[in-house]
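Biologist: I would like to learn how to read a protein model feature by feature. Could you take me through one?

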Amino acid sequence: MPQYLAAVMVVLLIGTVVCRVVLLRRTGTQAMHFGKLDKTDFLIPPVALFYFYTVFAAAFGWPLASRERFFQSTILAWLGVALCLVGVLILVLSLVSFGDSFRVGIDADQPGGLVTTGIFAVSRNPIYVGFFVFLVGQLLVFPNWVPLLYLVGATALFHRQVLREEEFMRQRYGHLYADYCRHVRRYL
């Protein structure tokens with residue numbers, strides 16, 4: 001049962017972001033800027049699709065590259081489901097706090113305003129924190145080398161993107177962003 005719920009959580013996580021992008025587009029805000037500044041970002045979707053397949057294959061018994069598990073624990077699997085839910089909740093709170101400023105990628109032409117309230121008063125990058133918590137949860141449900149590699153790789157990619165976004169924010173918002181950075185941590 002935890003495996004099915006963890007697989008559904010992947011759909012919920014991605015669906016939440018896609019719905020927000022679509023809703024913003026309906027109001028005239030172009031929220032999708034993925035890959036506009038760095039074309040290597042286009043390597044991420046095929047890698048993500050492999051991850052999605054791996055999760056669903058593990059949950060539903062489809063062919064996998066490896067069925068080897070690091071451990072077998074129902075308690076840890078349920079903890080993983082809980083962490084996935086927490087990750088989705090953090091994402092939702094981030095999207096609510098973002099309002100119309102939400103973007104996928106860096107929007108150099110029409111960035112939204114600097115958001116420092118809501119969950120952004122606790123973390124400057126709550127979406128990445130949410131995704132990290134989610135991936136840790138997935139690893140507990142599917143304790144295999146593939147989710148472990150994805151957790152490590154995604155953490156590196158998240159940090160790379162955070163550094164790129166911080167540089168943009170420093171240039172765009174100047175002392176307002178610097179003051180925000182003095183009061184709120186990068187992650188937690």
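Biologist: Let me start with charges: how many salt bridges does the structure hold?

Modeller: Before we count, keep in mind that this is a predicted model. The structure holds six salt bridges. A good one to begin with joins the side chains of Glu166 and Arg124, with 2.8 Å from N to O.

Biologist: Which parts of the chain does that pair link?

Modeller: Distant ones: Glu166 sits in helix H5, while Arg124 belongs to the loop between H3 and H4, and 42 residues separate the two. Glu166 and Arg124 are both buried. The pair also belongs to a network of salt bridges that links Arg124, Glu166 and Arg186.

Biologist: What surrounds that network? I see Asn125 next along the chain; is Asn125 buried or exposed?

Modeller: Asn125 counts as buried, because its relative accessibility is 7% and the cut-off for buried is under 20%. Its place is in the loop between H3 and H4. Leaving aside neighbours within four places in sequence, Asn125 is in contact with Val162, Glu165, Glu166, Arg186 and Tyr187. Two of the network's members, Glu166 and Arg186, are among those contacts.

Biologist: How should I read salt bridges between residues that lie a few places apart in a helix?

Modeller: Start from the general idea: an α-helix has 3.6 residues a turn, so residues three or four places apart point the same way. Now the case here. The side chains of Glu167 and Arg170 meet in a salt bridge at 3.4 Å, N to O. Because Glu167 and Arg170 are three residues apart in helix H5, about one helical turn separates them.

Biologist: How much of Glu167 is accessible, in relative terms?

Modeller: Glu167 has a relative accessible area of 37%, so Glu167 is partly exposed. Its partner Arg170 is partly exposed as well, at 41%.

Biologist: Where can I find another pair with that spacing in helix H5?

Modeller: Look at Asp179 and Arg182, which are three residues apart in helix H5 and therefore separated by about one helical turn. Their side chains meet in a salt bridge of 3.5 Å, N to O. Asp179 is partly exposed, with a relative accessible area of 35%, whereas Arg182 counts as exposed at 61%.

Biologist: Let's turn to the nonpolar side chains. How many residues does the largest nonpolar core have?

Modeller: The largest nonpolar core has 34 residues, and those with the most contacts inside it are Val17, Leu91, Phe102, Phe131, Phe134 and Leu135. At least two residues of this core come from each of helix H1 (2-26), helix H2 (44-60), H3, helix H4 (126-141) and helix H5 (145-183). H1 supplies the largest share, eight residues. Apart from this core lies another, of 10 residues, including Ile90, Val115, Phe120 and Val133.

Biologist: What does Leu91 touch?

Modeller: Not counting residues up to four places away in sequence, Leu91 touches Leu13, Thr16, Val17, Ile127 and Phe131. Val17 and Phe131 are also listed with Leu91 among the residues with the most contacts inside the core.

Biologist: H4 has come up several times. Is H4 mostly covered or mostly open?

Modeller: H4 is mostly covered, with 14 of its 16 residues buried. You can check its length too: at 1.5 Å a residue, the 16 residues should span 22 Å, and the end C-alpha atoms of H4 are 22 Å apart, which agrees.

Biologist: What about contacts between residues far apart in sequence? Which residues does Tyr173 touch?

Modeller: Sequence separation and distance in space are worth reading side by side. Tyr173, in helix H5, touches Pro111, Gly112, Gly113 and Leu114, not counting residues up to four places away in sequence. Tyr173 and Leu114 are 59 residues apart in sequence, yet their C-alpha atoms are 7.4 Å apart in space. Tyr173 is buried, with a relative accessible area of 15%.

Biologist: To finish on the surface, which residues make the nonpolar surface patch of about 640 Å²?

Modeller: That patch is made by Met1, Tyr4, Tyr53, Phe60, Trp62 and Trp78. Take Trp78, which has its place in helix H3 (residues 74-98). At 38% relative accessibility, Trp78 counts as partly exposed. Leu85 is also in helix H3, and Leu85 is partly exposed, with a relative accessible area of 48%.

Methods. Residues numbered from 1 in each chain as written. Predicted model: local features only at pLDDT ≥ 70, side-chain atom pairs only at ≥ 80, totals over all residues. Heavy atoms only, no water. Patch = residues over 30% accessible without salt bridge, like charges linked within 9 Å, V, L, I, M, F, W, Y side chains within 5 Å. Areas by Shrake-Rupley, 256 points an atom, 1.4 Å probe, with all protein chains shown as cover. Salt bridge = Lys/Arg side-chain N within 4 Å of Asp/Glu carboxyl O. Helix = DSSP H or I, 4+ residues; strand = E, 2+ residues; numbered from the N terminus. Buried < 20%, exposed > 50% of the residue type's maximum accessible area, 1.4 Å probe, protein only. Core = buried A, V, L, I, M, F, W, Y, C linked by side-chain atoms within 4.5 Å. Contact = heavy atoms within 4.5 Å. Expected span 1.5 Å × (residues − 1).
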